[in-house]
Amino acid sequence: MKFGKEYAAQMVPEWQEAYMNYDKLKTLLKQIHRMKQRNKQTAKQASLKRAVTLYRAFSGLLVQRQKSQKNPRSLSKKDVEGQFILVNPVNRDGTESFETTFLKLAEEGGESEQEFFRMLDNEFNKVDKFYRFKVQEVIAEAETLSQQMDALLAFRIKVNKMPRVLVSTPPVPGESKRFVPTDVKEGEERNREQSDESNGEISEEAINSVPQKSQGQKQSSNRGYKDVPLEILNHVKLNKNLDTPSAFIKGFVGSPQQQSEVNVRRENLKRVEKQLKHAFVEFYSKIRHLKSFSFMNMLAFSKIMKKYDKITSRKASISYMNMVDNSYIGSSDELTKLIERVEAAFIKHFSNSNRSKGMNILRPKAKREKHRTTFSLGLFVGCTFALILALIFIIHARDLLDKRGKTQYMENMFPLYSFFAFIVLHMLMYAGNIYCWRRYRVNYPFIFGFKRGTELSYRQVLLVSFGLAVLALLSVLANLDMEMDPETNDYKALTELLPLGVVVVVIVLLICPFNIIYRSSRFFFLICIWHCICAPLYKVTLQDFFLADQLTSQVQAFRSLEFYICYYGWGDYKRRENTCKSYGIYNSFYFIVAVIPYLSRFLQCMRRLCEERDPMQGYNGLKYFATIIAISTRTAYGLYTGMTWKIVSATFSAIAALYGLYWDLVVDWGLLQRQSKNRWLRDKLLIPSKTLYFAAMVLNVLLRFAWLQTVLDLQVSFLHRESLIALVASFEIIRRGIWNFFRLENEHLNNVGKYRAFKTVPLPFTYYEDEDKDE
């Protein structure tokens, strides 16, 4: 692999603008190379004559120097390099920068080389400034984590003293060994002889084992008290967790305070340890990425200077790289020391001094694509197409389209199997999204908050989707009976129950607790589903409202599930009859099921409006409220017909569609910016072809108005009504798949613009000094 591709692949996507622009410098070097080649060809004859003359003069000069000097001095590399460039430090806006002077400007092509070094200096100063800022940021975070660890160690001592001091029951066996390291145990034993108000200090080893500021950095002067274990708890508050429904309700009804006094309980200790463990993992990942940023940029500068030496036949790389090595990014060792301290602290306090276990958490192994995944995918794809062909041949061979039971089959069995078609289609669109996100370097695992190494590749999503397709198609082939048994006047119960059996199998596999079929991804999906159901009780994250948006495109699938309950619950499957619409409760839930996804999304917007005080969330919630009215009126028109319902449903549907269309293109996709350098798009685009953006906008408009089929009663002669409904629902799923890519592209570009490459992890403790400072 060429270095340019490897360099781009190793970049932190959100920091890509802070990296050296290797491709731009390489392009400039190619221009210099072409110019030198042209000059070389035109001046070839003159150069030969001049070379002969210079050779004769130089030979004579050497003879004279050998006679006049016994010990002639040869030119050193430093002297030769000094004839080409001169690198000087300069002070710009209070920060140290570097400026290279090209000493051969008078030579032919010297202006291009001077431009190369000017651009190279700009890139280096940009990289060095960003690195310096990020190092200062992680040092400040290290100090914060150090304070959090002080409070945690004190909290552990207090909790492990609690069974002996506050409770008469003996301590849980092995509890002390699990939570308290050796130095804390010794501090606890030493503190037993003292009162609770004046316990001894934490050992120096325990304090030094957490991340500290690097040498030369001043210790924070915030601590006006002595670092004693139990005394620290008098200077901190325990942050409340409002992510759970009970905490949200208490916070909404009761006091809005976000902190409380430290409540010494083992449940709180476990929560604090979990939060700090997560904070350490994220902090360590940030340090490693920053270390990689330094290494890759140093390597890029070395590579580009070697190319310059090769093209120009000069030896300027040693001089320039000497400056790079002596700069802050080249000589700073704060990150190396910080990595060692974080590893030591994490292994000691969060993995029970088990280095192998601790390093596996801090540095999870890279995920590798398995060959069996590709093989299984090919197998299922082949089976899917083979089953589809078999289904077509069987229908024509048995002449099933002309059977009397065709209409009955379409009205009863087709809605059952279309449920699987909607799910498979949505998964195929998601697999396509993953492929495009990876190709255009959209950091979707970070945006969705996937645990490192657990995100599914597009092949794995395709494997699951085609596996489900094979299962559904097998059920269809086994249940192609169009006529009743003449003796019993019933259909075969076993084959009629096949669709329900497939649904049960899918649900069982989805909630299966065993580590099979991507358990971490299944549980992540179930948690997000639960958050959507319980909206607005849980804090709204991007993965939650993104999934809720997906569910709004699966309204017909939810109605199919409702039909499953009615069809099998009322026993209609025995005679393949559909009496569901004759029940009032079914018609009521026909409204409710269609509204639930939009209602969940509306409640999420309301929670974000209350928490963030962002009026855009209110406008977004209004969009979903308008869609709820449109869905309800269209459903009423489908059930009761009538001109009044037709006018009302058409009016609200048009309002909701235009509102949603504007929000998709302008807010979610960030397009239609008139003053953008890419007219009517946006300044930054990941796809080189602008035509694709305009095509996506046009397609979004067309698919947005697919609801016109319901209002205008559009019928296609060769399609059954249920087939037309399934086709319109499929259009909405395809529109959602297109929306997914551009929505995450816009989110990724926003992260890039803010250099936001890591999640902000909430910390368990707040010091009174920090609280006063914030106020």
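Buried means under 20% relative accessible area, exposed means over 50%, and partly exposed lies in between, with a 1.4 Å probe and protein chains only. The model is predicted: local features need pLDDT of at least 70, side-chain atom pairs count only at pLDDT 80 or more, and totals for chains, interfaces and linings use all residues. Residues are numbered from 1 along each chain as its sequence is written, and side-chain values use heavy atoms, with hydrogens and water left out.

**Exercise 1. Classify Glu 343 by burial and find its salt-bridge partner.**

Step 1. The relative accessibility of Glu 343 is 9%, so this residue counts as buried.

Step 2. A salt bridge is a side-chain nitrogen of Lys or Arg within 4 Å of a carboxyl oxygen of Asp or Glu. Glu 343 meets Arg 355 in such a bridge, at 3.8 Å from N to O.

Step 3. Glu 343 belongs to helix H14 (residues 334–350) and Arg 355 to helix H15 (residues 355–362), so the bridge ties together parts 12 residues apart in sequence. Helices here are DSSP runs (H or I, at least four residues), numbered from the N terminus.

**Exercise 2. Describe the salt bridges of Arg 704 and Arg 743.**

Step 1. Arg 704 pairs with Asp 664, and their closest N and O atoms are 2.8 Å apart.

Step 2. Arg 704 sits in helix H28 (residues 690–704) and Asp 664 in helix H27 (residues 643–668), so parts 40 residues apart in sequence are tied together.

Step 3. Arg 704 is buried because its relative accessibility is 19%. Asp 664 is also buried, at 2%.

Step 4. Arg 743 pairs with Glu 747, with the closest N and O atoms 3.2 Å apart. Both residues lie in helix H30 (residues 721–753), 4 residues apart, about one turn of the helix. Both Arg 743 and Glu 747 are buried.

Step 5. The salt bridge count comes to 25. Salt bridges also link Lys 134, Glu 137, Glu 141 and Lys 286 in a network.

**Exercise 3. Locate the disulfide and check Cys 532 and Cys 534.**

Step 1. A disulfide is a covalent bond between the sulfur atoms of two cysteines. The cut-off is a pair of cysteine sulfur atoms within 2.5 Å.

Step 2. The structure holds 1 disulfide, which joins Cys 566 to Cys 580 with an S to S distance of 2.0 Å. This link is left-handed, with -115° about the S-S bond.

Step 3. Cys 566 lies in helix H24 (residues 555–569) and Cys 580 in the loop between H24 and helix H25 (584–612), so the pair ties together parts 14 residues apart in sequence. Cys 566 is buried at 2% relative accessibility, and Cys 580 is buried at 0%.

Step 4. Cys 532 is in no disulfide, as the nearest cysteine sulfur, that of Cys 528, is 6.8 Å away. Cys 532 is buried at 4% relative accessibility.

Step 5. Cys 534 is in no disulfide either; the nearest cysteine sulfur, that of Cys 532, is 9.6 Å away. Cys 534 is buried, with a relative accessible area of 13%.

Note on methods: Helices (H or I, at least four residues) and strands (E, at least two) are DSSP runs, numbered from the N terminus.
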